[in-house]
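Open the model in your viewer and keep the selection tool at hand. The tour goes from one selection to the next.

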Amino acid sequence: MLAHYETTTHLHQLPTSGTQKRLLSYIVLGVPLSAAELPEATIIYHHGWPSCRYEALPLHEPALSRKWRVIAVDRYGVGQSTFNPQGSFETWAADIQHLLDSLHIQQAVMLGMSGGGPYACACARYLPARTAALVTVAGMLATNDPAHADLLQQMHWMDKLHSHIIDNKLAHNAVLLASLPVMALSPYPLRLIGKLPGAVQQLVCRVLTSAGWAEADRQLLLQQPQITWQLLPELMAQSVAQGAAGWGWDMKLTSSAWSFDLRDIKVPAVLVCHGTGDVSLPASMAQRLAQQIPGAQLKLYEGEGHLSLLFRQAEDILASLAAALQRQRQRYRPAAATAGT
C-alpha cells in the first residue's frame with residue numbers, strides 16, 4: 001500500500017534560515033506531476049497529528065477520476081520536513097505559498113484533516129488569493145482556548161485529558177518523552193500482527209480500540225486490516241521520524257488560542273465535513289467552525305467517526321467540493337460575460 005508512494009516522495013527547498021537548509025517533504029496523489037495535461041484542480045492536503053503525508057492516500061482514486069491533483073505535505077519536523085522551532089500559522093502559510101510558486105500553482109484547495117484543519121484555515125486566512133476553497137474534515141478548534149471551553153467538556157475523557165496535558169508544559173514534555181519510543185517502535189510489532197491469522201488480528205484490534213474510539217472507527221479498523229497494520233503504523237513512524245519536537249509543536253500550536261480569527265477568512269467556497277459519531281472531536285466543533293467562517297457549508301455524516309469519515313467518505317467529500325467549485329464558476333461566469341460585452 002505504501003511502497004509506491006515512498007519512492008515518489010518529493011523534497012521542496014524553502015528559503016534558508018541562517019545556515020540551515022529547510023525542506024518540505026510531500027507526495028503527489030491523483031494526477032502525477034509528470035502528466036502532460038494540467039490537473040483541473042489542485043488540493044493542498046494538511047494532515048492531522050500524529051500523522052504524515054500518507055494520510056491523504058484515500059483521496060488518490062477519487063481525485064484521479066476527476067483529473068485532480070493532491071499534494072500532501074509533511075509539517076515541520078514530520079517525515080523529511082525540516083523542524084522549525086519558530087514555526088507559526090503565518091510561517092506555514094508563507095512556506096505553502098513558496099511551494100505553490102515553485103510548482104506554478106495559481107490557486108489550490110486547502111484541505112485539512114483533524115489537527116490539519118487549523119493549518120488549512122490559516123492558509124485560507126493568509127493566502128486568500130491563492131485559495132480556491134477551504135475544506136475541513138473532522139477539523140478541530142483550539143481546545144485550550146477559553147472561548148471553546150464548552151466544546152472541551154463535550155470531548156471523550158481521554159481526549160479531554162490530552163488537552164489538559166498539552167496546556168501544562170512540564171506534563172506535555174514528559175508525555176512527549178515517554179511517547180517517543182512507543183511511537184517510534186510500535187509500528188514493528190503492529191506490522192508483525194498484520195501477518196498473523198485474521199482471528200488474531202481481530203482480537204488484538206478489538207483490545208486496542210476498546211476505549212476512546214468511535215464505533216465507526218472501530219469497524220473500519222476491523223474490516224480493513226491494511227489500514228490497521230500497514231498505514232497507521234507508518235503514520236506514527238513518520239510523525240516522529242526526527243523525534244517528537246514536530247509532533248509536540250503541532251499539538252501546542254493547534255490546541256492553544258490561534259493567531260487569527262476565523263471570521264477573517266474570505267475565500268470563494270468553504271466546506272466543513274464532520275461525522276456525528278466522532279468522539280475525539282464532537283460534531284458541535286464543526287458546527288461552530290461553520291458558524292464562524294463566512295459562507296461555510298456544514299456537511300454532517302451520520303454515524304461516521306474520526307478516521308472513518310476520510311476513509312469511507314473521500315468520494316462524497318470530493319463530490320461535494322466539486323459541486324461547490326462548480327457553483328462558484330457559475331456565479332462568476334455571468335459577471336465575466338457581462339464585463340466582456
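Which residue in S5 stands opposite Ile-44? Select Ile-44 and look across: the residue facing it in S5 is Met-110. Keep in mind that this is a predicted model.

**Stop 1: strand S5 and its neighbours**

Select residues 108-113, which make up strand S5. Six of its six residues are buried. In a regular strand, side chains alternate between the two faces of the sheet. Here, one side of S5 carries Ala-108, Met-110 and Gly-112. The other side carries Val-109, Leu-111 and Met-113. Both faces are covered.

Now add residues 41-46, strand S3. S3 and S5 pair in the parallel sense, over four bridges. Next add residues 131-137, strand S6. S6 runs parallel to S5 and is joined to it by six bridges. To find one of the contacts, select Met-113: its bridge partner in S6 is Val-137.

How does the chain get from S5 to S6, and is the crossover right-handed or left-handed? Follow it through helix H4, residues 117-126. The β-α-β crossover is right-handed.

**Stop 2: helix H4**

Stay on H4. Eight of its ten residues are buried. Select them: Gly-117, Pro-118, Tyr-119, Ala-120, Cys-121, Ala-122, Cys-123 and Ala-124. What do they pack against? Show strands S3, S5 and S6, then helix H3 (89-102) and helix H12 (245-255). The buried residues of H4 pack against each of these elements.

**Stop 3: the aromatic cluster**

The structure holds nine aromatic pairs. Start with Tyr-76 and Trp-92, an edge-to-face pair. Their centres are 5.2 Å apart, with 85 degrees between the planes. Tyr-76 lies in the loop between strand S4 (68-73) and H3, and Trp-92 lies in H3, so the pair ties together parts that are 16 residues apart in sequence. Is Tyr-76 buried or exposed? Tyr-76 is buried, with a relative accessible area of 1%. Trp-92 is buried as well, with a relative accessible area of 1%.

Keep Trp-92 selected and add Tyr-119. The ring centres of Trp-92 and Tyr-119 are 6.1 Å apart and the planes are at 70 degrees, so this pair is edge-to-face. The pair links distant parts of the chain, from Trp-92 in H3 to Tyr-119 in H4, 27 residues apart. Both Trp-92 and Tyr-119 are buried.

Now widen the selection. Ring pairs link Tyr-76, Phe-89, Trp-92, Tyr-119, Tyr-126, Trp-249, Trp-258 and Phe-260 into a cluster.

**Stop 4: the nonpolar core**

In soluble globular proteins, nonpolar side chains tend to be buried together. The largest nonpolar core here has 103 residues. Select those with the most contacts inside it: Tyr-45, Val-73, Ile-96, Leu-134, Leu-262 and Leu-321. Which helix gives the most to this core? Select residues 308-339: helix H14 gives nine residues.

Then zoom in on Val-73. Among the residues it touches are Leu-24, Tyr-26, Ile-44, Tyr-45, Trp-92, Ile-96 and Leu-99. Ser-25 and His-47 are also in contact with Val-73.

**Stop 5: two charges over rings**

Select Arg-66 and Trp-68. The charged end of Arg-66 sits over the Trp-68 ring, 6.0 Å from its centre. Finish on Arg-191 and Tyr-188. Here the charged end of Arg-191 sits over the ring of Tyr-188, 5.7 Å from its centre.

Note on methods:
Residues are numbered from 1 along each chain as its sequence is written. This is a predicted model: local features need pLDDT of at least 70, side-chain atom pairs count only at pLDDT 80 or more; totals for chains, interfaces and linings use all residues. Side-chain values use heavy atoms; hydrogens and water are left out. A nonpolar core is a set of buried Ala, Val, Leu, Ile, Met, Phe, Trp, Tyr and Cys residues joined through side-chain atoms within 4.5 Å. Buried means under 20% relative accessible area, exposed over 50%, partly exposed in between (1.4 Å probe, protein chains only). Helices (H or I, at least four residues) and strands (E, at least two) are DSSP runs, numbered from the N terminus. Contact means heavy atoms within 4.5 Å. Two strands pair if DSSP finds at least two bridges between them. A crossover is right-handed if, with the strands pointing away from the viewer, the path from the first strand over the helix to the second runs clockwise. Rings of Phe, Tyr and Trp (its six-membered ring) pair if their centres lie within 6.5 Å; planes under 30 degrees apart count as stacked, over 60 as edge-to-face and the rest as tilted. A charge sits over a ring if NZ of Lys or CZ of Arg is within 6 Å of the ring centre and within 35 degrees of the ring normal. Lists of a residue's contacts leave out its neighbours within four places in sequence.
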